[in-house]
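Colleague: Please take me slowly through one part of this model, strand by strand, and then set that part against its surroundings. I would like each term explained where it comes up.

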Amino acid sequence: MDSDTAIGGPHDHFPSTQASLLEATAAGLSSEAMERVIALYWKPVYRFIRLKFRKNNEDAKDLTQGFFAAALQRDFFARFDPAKASFRTYLRMAVERFAANEYAAANRQKRGGDIQFEPVGDQGAATESPEEAFEREWQHQLFSLALDDLRAHCDDCGKQMQFCLFEAYDLADAERLSYAELAVRHGIPETSVTNYLAWARRMLREFVTERLRGTTSGARELRVEMRRLWM
Amino acid sequence: MDVSDSVLDHLRHVGALPDLTGTRYELESEIGRGGMGVVYAARDRQLDRRVALKVLDFALAGEAQLIAHLEHPAIVPIYESGTLADGRPFYAMKLVSGARLDRYLAEQPTLAECLRVIRRVGEALAFAHSHGIIHRDLKPQNVMVGPFGEVYVMDWGVDAVAGTPAFRAPDDRLDQRSDIFALGALLQFLLYAPAPPALRAIVAKAMSAVPAARYPDVPALLADIERFELGLAIEAWSEPLWHKLRRFCSRNAVLLWLVVAYTLVKFLLFFLRNF
Amino acid sequence: MNKVVVGLVLGVILGAIDGATAWFYPEARSMMTNIMIGSSVKGMVVGLLSGWFARKVDSTPWGVVVGSALGLLFAFLVAAMDAAKGRPHYLEIMLPGFVVGAIIGFLTQKMGTSGPATKGAQ
């Protein structure tokens, strides 16, 4: 292995820093755990509320904030039973309950049509269910955070070249250049392109795993989610 | 950092591929997915041959340690085990070409061929049992039949988690008798209806809900199958008299025809002489 | 028991049974003893030779062929002797003798042990 990819030892592992949700709760670190959950789940919850309850942008934002505020206050993780469902499912169901309660409460105070029901025009043709959208947004957010982590890590280690190549190839939306073309463009041998990409992908996998570890109950759920995530 | 749907799917795909840097293998293609991981075809650069690489999702007390020291024609030889650069355990084993048992059935093998496959699987099981190893997840997807009739039993020692309930014994213990249950289920899987009552009886005995009622070990089951193939009485079934007679007649057909011929000749000569 | 002995024993028994069927012919009843002795001896010889053949050649079809040929031959000899004494019963002796020979040939192939070296044993 060349020196560029050898940092950190033969497997280039960084030690896992994230505790699972159950570990965090047991160690009395619920608020830190909640922060991680919010970082990952804010957008998915928002999108879910918009689609499922047909809220407009402002109302959906308010409801999302309200949900997480309430979750922070109550012992959100206490009622979570990993044996019954994944954390993702548990959270989504909690959102549904929360939104339903809010709707009922608002109706009790109704002063004649408070609740706005605007058609969610910019969502486009609803080809997927709110639940599917929730999961999809969750995947997006998971990778988004992991990519941020990767970029930060590359900046820290001085591996901008690696990230640059990774961005050029794996993050390319349009047609991808070949390895040979990339090699020419960046003035490095083709084998380096292969190695750098392999390293970057490996690191991305690490970061995704860490983000996931911090928002699942434990090893078993992590395994199940990992299997679902990777194609 | 947001990405589009297509990039997300691309990342999900490349993130799943095994990172083979630092190994002597070159990834070729994905062959299949099992309960615990994915199997790829790869090329061993050093020895210039194709191998199968099984990459496990996570490190579990896996099959490699269990069966690497077992040498048997029906157990896939393990060449190497190790850890990938991304931390996932893998092992390299012989690349077996052929059809999994569920696809082998599509070729409509004869009863004799099916029993031969069962016998090979049973021999591998008996061998493993004698070394204290239980398969625990025997099912058609874990048996391969090669182009020359070679039979391989794979995916040893993996706990049938979500597994295939049809092949899992109702009792929770995972020991030799649960393997015997699965072998019986495998035999049932291969039989077309209508199956000979003797074979159905063997299946029923192997698959009894009560473990103690099953065959005590795999060789006993195989012996009953062999007795069936030879036209002898089997242990699993107390057959009705007419079936015993039918069996006797088919086993001793030549002799019975000769005796019939003798009697006919005698009668013929007698009547010719007198009438 | 090796095949020659098996052939011998079977030959005697089957020969005796075959001879005993002469009882159904009233004209032969008076000579039953002679017929049975002769038949048993005939069977014994056929059995011995078939057994010897079975030790050398492990092939059921050939065993049957050889046995029936021997049975036919010796039945013919007996029938010829009888004819010389003025009692021609060629058909009644040779036909059953043929089938009995076939039975003896078959059984010596299936039963008994052959010697250490047998052609076609594998």
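Modeller: What follows begins with one sheet and then moves outwards to helices and to the other chains.

This is a predicted model, in which local features need pLDDT of at least 70 and side-chain atom pairs count only at pLDDT 80 or more, while totals for chains, interfaces and linings use all residues. Residues are numbered from 1 along each chain as its sequence is written, and chains are lettered from A and ligands numbered from 1 in the order in which they are written.

Chain B has nine helices and eight strands, where helices (H or I, at least four residues) and strands (E, at least two) are DSSP runs numbered from the N terminus. Five strands of chain B form an open sheet in the order 1-2-3-5-4, with antiparallel pairing; two strands pair if DSSP finds at least two bridges between them. Strand 1 (25-33) and strand 4 (78-83) of chain B stand at the edges with a single partner strand each, so one side of each has no neighbour in the sheet. From one strand to the next, the twist averages 25°.

Strand 3 (residues 49-56) of chain B deserves the closest look. Six of its eight residues are buried, so strand 3 of chain B is largely enclosed by the rest of the structure. A residue is buried if 20 or more other C-beta atoms lie within 10 Å of its own, exposed if 12 or fewer, and partly exposed in between, with C-beta atoms placed from the backbone. Strand 3 of chain B pairs with strand 2 (residues 37-44) of chain B in the antiparallel sense over eight bridges, and Leu53(B) in strand 3 is the bridge partner of Tyr40(B). Strand 3 of chain B is also joined to strand 5 (residues 89-94) of chain B by five bridges, again antiparallel, and there Val55(B) stands opposite Phe90(B). Strand 5 of chain B in turn runs antiparallel to strand 4 of chain B, with five bridges joining them, and Pro89(B) of strand 5 is placed opposite Thr83(B).

The hairpin of strand 2 and strand 3 of chain B has four residues between the strands, and Asp48(B) takes a positive phi near 50° in it. Leu47(B) lies in the loop between these two strands and counts as exposed because it has 10 C-beta neighbours inside 10 Å. Leu47(B) and Tyr25(B) are 22 residues apart in sequence, and their C-alpha atoms are 9.9 Å apart in space.

Turning to helices of chain B, helix 4 (residues 111-130) and helix 7 (residues 218-229) pack at about 155° with their axes 9 Å apart. Axes are lines fitted to C-alpha atoms, for helices over the stretch in contact, and angles run from 0 to 180 degrees between N-to-C directions. The angle makes helix 4 of chain B roughly antiparallel to helix 7 of chain B, since angles under 35 degrees count as roughly parallel, over 145 as roughly antiparallel, 65 to 115 as roughly perpendicular and the rest as oblique. Among the residues that meet are Leu115(B), Ile118(B) and Leu125(B) of helix 4 and Leu221(B), Leu222(B) and Ile225(B) of helix 7; residues are in contact if their C-beta atoms, placed from the backbone, lie within 7 Å. By class, this contact of helix 4 with helix 7 of chain B has nine nonpolar, two polar and two charged residues. Here Ala, Val, Leu, Ile, Met, Phe, Trp, Tyr, Cys and Pro count as nonpolar, Asp, Glu, Lys and Arg as charged, and the others, Gly among them, as polar.

Over chain B as a whole, buried residues make up 34% of the 275 residues. Of the contacts in chain B with a separation of 6 or more, 57% are between residues 24 or more positions apart.

The contact of chain B with chain C takes nine residues from chain B and eleven from chain C. On the side of chain B that touches chain C, the residues divide into eight nonpolar, no polar and one charged. Chain C itself has four helices and zero strands, and 44% of its 122 residues count as buried.

Methods
Two residues are in contact if their C-beta atoms, placed from the backbone, lie within 7 Å.
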